[in-house]
Amino acid sequence: MEKVFGYKDYLFKNCETSGFCNRNRHFANNIKENPNYKSKYAIDPQSIHFKSEDFIVNGNILKEVEGINEDIVLPFELSLLDKNNIRIKVDEEQRKKINLKNKLVNTDRYNETPNWSFQSLNLSYENRSGTKYDQQKDRLVIEYGTKGQYKAEVLYNPFKIIVYHDEEIQFIVNDRNFLNYEHWRPESSNAAHLSSEESDFNMFHDDFHDSRNDRIPLGPESIGLDFTFEGFKHVYGIPEHADDFNLKDTTDSDLPYRLFNVDIFEYETNSRMPMYGSIPFLMGLKPGVSIGLFWINSADTFVDIDKTSSDKDTKTHWISENGILDVMIMIAENPWDINESYGAITGYVQLPQLFSLGYHQCRWNYNDEKDVLEINSLFDKHQIPYDVIWLDVEYADAKKYFTWQTEKFPNPERMLAELDHTGRNLVVIIDTHLKTDYHISDQVEKERISINDPHNNTFHGQCWPGESVWIDTMNPNSQSFWDKQFEYSTDNEFMGKLSTNIYIWNDMNEPSVFDGIETTSPRDNLHYGDWEHRSVHNVFGLTFHEATYNSLIKRLSTTDRQRPFVLTRSYFAGSQRTAAMWTGDNMSKWEYLKVSIPMLLTSGVAGMPFGGADVGGFFGDPAKDLLTRWYQTGIWYPFFRAHAHIDSRRREPWVAGDPYTSIMRDAIRLRYSLLPIFYTSFYESSISGYPVLKPLFYETPDNLESYDIEDQFFLGNSGLLVKPVTEEDAKHIDIYLPDEEVYYDYTSGNISNTFQKFSGPGFISKSVELSDIPILLKGGSIIAKKDRYRRSSKLMARDPYTLTVALGSSGKAIGNLYIDDGETFNYKQGEYANIYFTATSDSIKGEISGDVGYIRSLDDIYIEKIIVLNVEDLSYIGIKQDGSQWEANFRNIDGNLIIENPKIKLSSEWAIEMHETKFTESDLKNSKNSNKSLKLDTKSSSPSLSPTAITYTGIIALVIGLIFYKLRSGVRV
Ligand code: NOJ
């Protein structure tokens, strides 16, 4: 079949045209074809020593090289860390001896990726119970895990690591002997240093588009290694790619999944092409065991996935251009523990300001102050809530960031004050390139904090403003320079006097260099420490948005809005600590709407939950139905922003007219009513690494069928199961229910909601209209929403809550709600409250825990409505709180109960007892022994609904509920 090359294929390398990937695949293919191949890599047993106090093993791997007598020494360090993480690092001894005349480049292998990626470099190993270490003749054996259920065998010759769970092999490092550590050699001795299975393709020069910029001063220095996931057919992660959730086989293609941050506008779907961000983290999943693999390397990386050579396993091959070999292997019995382990290393998502979970209105560009304020008031006219309006590059004078086009924005102070009036915010773009002939770039050059060319002079290239220089945020001196540009002080002309409702968007930080090969910086450019750009490429974007975050921390520290909001396009492992991301320049087409879901599920699994896609599509003009469906999908994105290209037509929600506008309005209002759930989910994620847009298998890790569902998700641990409609003209939708629990139809839209019951596992079919967003609420859940329309999230702060209680098949339900001030870091000092709801078929209870002062400040917040699904025959409801008791007003509609205005305060413990007959005093006192419990509706389609309800005391219910909840969610509560 003739191959068709697209424009993108021409612009970006594949494995064949990339020197190091080509050589590693060639090496692997030769080994595959030679069953008698004997690996050249072995651990020298004499070299091993063990530091028991730190649980670190050191030694040497020796690489045998044809044509030279001495082996290449590759010192390794193997350490056991908290949360069952094993780390192995391998360096190359001879690097210190390299002496390159007239070259300024650092000749070491880059080992500083963790300095940026990790939350802390002090990795500890404290939980040693169950750990044993045994050095045998041909291997090291380490038993670990709280019950000693894991074992790692480090084999000496050939070098391998085999990881077991309960004595069963789960994971093998270097299973197929693809370990390839290209050692340093001078160009002249190239041939002498090559083994028969190696290739010398583009070792010392790069001929991709004549790669005029890349001189490869250090020659070949790639690393390749294979990892087998034994018995796993599902692997997820390694964002960013516009592709399936469960990663595909790549062995037949010339493009493995590539991790190389690039400005890839109009990217294709169904593609393994590199994109704006890279997280070299993969999660393998099967019932009972989950594996996390973190390849700690920030250079250009390719990952080959082989699902075809074995019926039961997934084999992976990782190839990076350079750097030390640094790998973390995580093992657990479920996926959420892997998220916790990964987050313990790279950090958890920042708890965002509440406003940033609201709706963001962006386009390139809102033209001037008048335009901004007009859009602002049109939202009110159309009664659509929103929180943030955005300004793209045109607001700045000649795209010189840190300036305003003063004719268009004569008075930013006034504009921000006007937005602030209704609790709204502004985000402005600040990119990493800085226009030349401008005092900011002059200073960057003068202070020597730029990215430099190979001669160590400031590098100049092209980007939006024309000729530009790039600030090197890897240089420690850059931070104070950057801080000054954001300072909250009258000396700072750009934003020093502005009210603090202004936040930052960092774009083009891959970095995008229009005239660079693959639209980025030449690889032999230099960063601080004389590191070549090729070594740091994928982490550079993180250093940039982290510098902005740090500057905003300082700017906001003395104000009442302390938590920075930064959006970044480029990201790496660890970016979740300081920024939200979006999926870049998508198109106004159905397939981009559809792929946004697996893309965001993937970034959630890879520890970066705060993400979204441009609602409506960046390029093009979406048809009205597509735009409407995109809003109905976008309201579930953790980061919910509409954005459009400068050449596209205006498309704010009111432009399309009714019925579209009303449907979009309803969707956005639904997002606002669910903000308490989003915020609670973010809080949970910020302490556990748990995805906010949660793949189905987190609820049902034992159900293999649920592993393949990539167009549905749960909203955190709320029990809300969503399948947005992403097909044009859809009249029906099939929804997969992953377990036997009862699911209540919670579809939002025209269909009058009967809370019809379904149960799985399996697919159900529903008819849908354009106004419908298919949602189900899982039995066993209690959700807390705020249903009143306000202009922005800030104005909702004191609004009352509506609870929906969805009793599960066991007759119980639980839920929780996290609250704090939504803006400051006071929650870190304990100023927050956690509210736990529990229900059985005859009682509902609320308990609050947290800081007493903070809880008292919630005194004016009420629960205004409680909906209990699936109850009947009710005649009396009694409420108790703060020593008083009263009778509630309620209605029974279609077998569901609505308690109107129960007058319950959020700030103290309360209980509702539901009975068929009126309580007496002694009933209330002895309610825990009551046998007058309500009957669940036994006409349910769910086979397992219990006809007899169970009664518990509040405390027992709470404890059981929490255990149940924790089991379901894996979240520490
Ligand atoms: C590229 C970004 O991806 C896009 O969102 C933005 O509008 C343009 N740069 C202009 O700044």
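These legends walk through several close-up views of a predicted model.

**View 1. Arg569 and Glu510 pair up in a salt bridge.** Look for the spot where the two side chains meet, with N and O sitting 2.8 Å apart. The partners come from distant parts of the chain, 59 residues apart. Arg569 belongs to the loop between β29 (566-568) and β30 (580-582), while Glu510 belongs to the loop between β26 (502-506) and β27 (526-527). Are these two buried or exposed? Arg569 has a relative accessible area of 1%, so it counts as buried. Glu510 is buried too, because its relative accessibility is 0%.

**View 2. Lys778 reaches Glu699 in another salt bridge.** Here the closest N and O atoms are 2.7 Å apart. This pair also ties together distant parts of the chain, with the two positions 79 residues apart. Lys778 is in strand β40 (residues 775-778), and Glu699 is in the loop between β33 (693-694) and β34 (713-715). Both partners are buried.

**View 3. Asp787 and Lys785 form a salt bridge with one buried partner and one partly exposed partner.** The N to O distance in this pair is 3.4 Å. Asp787 has 37% relative accessibility, and because buried means under 20% and exposed over 50%, it counts as partly exposed. Lys785, at 10%, falls under the 20% limit and is therefore buried.

**View 4. Some salt bridges share partners and join up into one network.** Which residues take part? The members are Asp214, Arg258, Asp300, Glu321, Glu518, Arg523, Glu532 and Arg534. For the bigger picture, the count for the model comes to 62 salt bridges.

**View 5. The ligand sits among 13 residues.** The ones that come nearest are Asp392, Asp507, Arg569, Asp585 and His643. You've met Arg569 already, as the salt-bridge partner of Glu510. What kinds of residues make up the shell around the ligand? Eight are nonpolar, one is polar and four are charged.

**View 6. Polar side-chain atoms lie beside oxygen atoms of the ligand.** For Asp392, a polar side-chain atom is 2.5 Å from a ligand oxygen. Arg569 has a side-chain N or O atom 2.9 Å from an oxygen of the ligand, and His643 has one at 2.9 Å as well. How much of the ligand's surface does the protein bury? On its own the ligand exposes 300 Å², and the protein covers up 99% of that.

Note on methods: Residues numbered from 1 in each chain as written. Predicted model: local features only at pLDDT ≥ 70, side-chain atom pairs only at ≥ 80, totals over all residues. Heavy atoms only, no water. Salt bridge = Lys/Arg side-chain N within 4 Å of Asp/Glu carboxyl O. Helix = DSSP H or I, 4+ residues; strand = E, 2+ residues; numbered from the N terminus. Buried < 20%, exposed > 50% of the residue type's maximum accessible area, 1.4 Å probe, protein only. Near = heavy atom within 4 Å. Polar contact = N/O pair within 3.5 Å; in protein donor to acceptor, adjacent residues only side chain to side chain. Areas by Shrake-Rupley, 256 points an atom, 1.4 Å probe, with all protein chains shown as cover. Nonpolar A, V, L, I, M, F, W, Y, C, P; charged D, E, K, R; others polar.
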